[in-house]
Amino acid sequence: MNIADLKPRMGKIEIEVTVKELAQVREFDKFGKKGRVCNATVTDDSGKEIKLTLWNDEIDKVKKGDKLKITNGYVNEFQGEMQLTAGRFGKLEVVVS
């Protein structure tokens, strides 16, 4: 699968992407629990790009230039823009760093 195939609310995505850019890490407080979130711009072999949402520990694993494999990922839409995430049930692993 590649980025061009992705559509909003699509699940069970398995894809390999390369991290092109990491945005500022933001901290939040939800239901009394602190957390961190960061948007990364990722690209695939076709050159297409999508935002990848990284949560908490995922942020520390990922660097610019890393190749990532996302298993059981999910696409949501935020302010009209598609975003890819491993989500609660998916898995994000660094294949090449």
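Trainee: Is Ala23 buried, partly exposed or exposed?
Mentor: In this predicted model, local features need pLDDT of at least 70, side-chain atom pairs count only at pLDDT 80 or more, and totals for chains, interfaces and linings use all residues. Residues are numbered from 1 along each chain as its sequence is written, and side-chain values use heavy atoms, with hydrogens and water left out. Buried means under 20% relative accessible area, exposed over 50%, and partly exposed in between (1.4 Å probe, protein chains only). Because the relative accessible area of Ala23 is 39%, Ala23 is partly exposed.

Trainee: Which residues does Ala23 touch, not counting residues up to four places away in sequence?
Mentor: Ala23 sits in the loop between strand 1 (13-22) and strand 2 (26-30), strands being DSSP runs (E, at least two residues) numbered from the N terminus. With contact taken as heavy atoms within 4.5 Å, Ala23 touches Cys38 and Asn39.

Trainee: Which residues form the aromatic pair, and is it stacked or edge-to-face?
Mentor: Rings of Phe, Tyr and Trp (its six-membered ring) pair if their centres lie within 6.5 Å; planes under 30 degrees apart count as stacked, over 60 as edge-to-face and the rest as tilted. The structure holds one such pair. At 5.9 Å centre to centre and 90° between the planes, Phe28 and Trp55 are edge-to-face.

Trainee: How far apart along the chain are Phe28 and Trp55?
Mentor: Phe28 is partly exposed at 28% relative accessible area, and Trp55 is partly exposed at 37%. Phe28 lies in strand 2 and Trp55 in strand 4 (residues 49-55), so the pair links distant parts of the chain, 27 residues apart.

Notes. Helix = DSSP H or I, 4+ residues; strand = E, 2+ residues; numbered from the N terminus.
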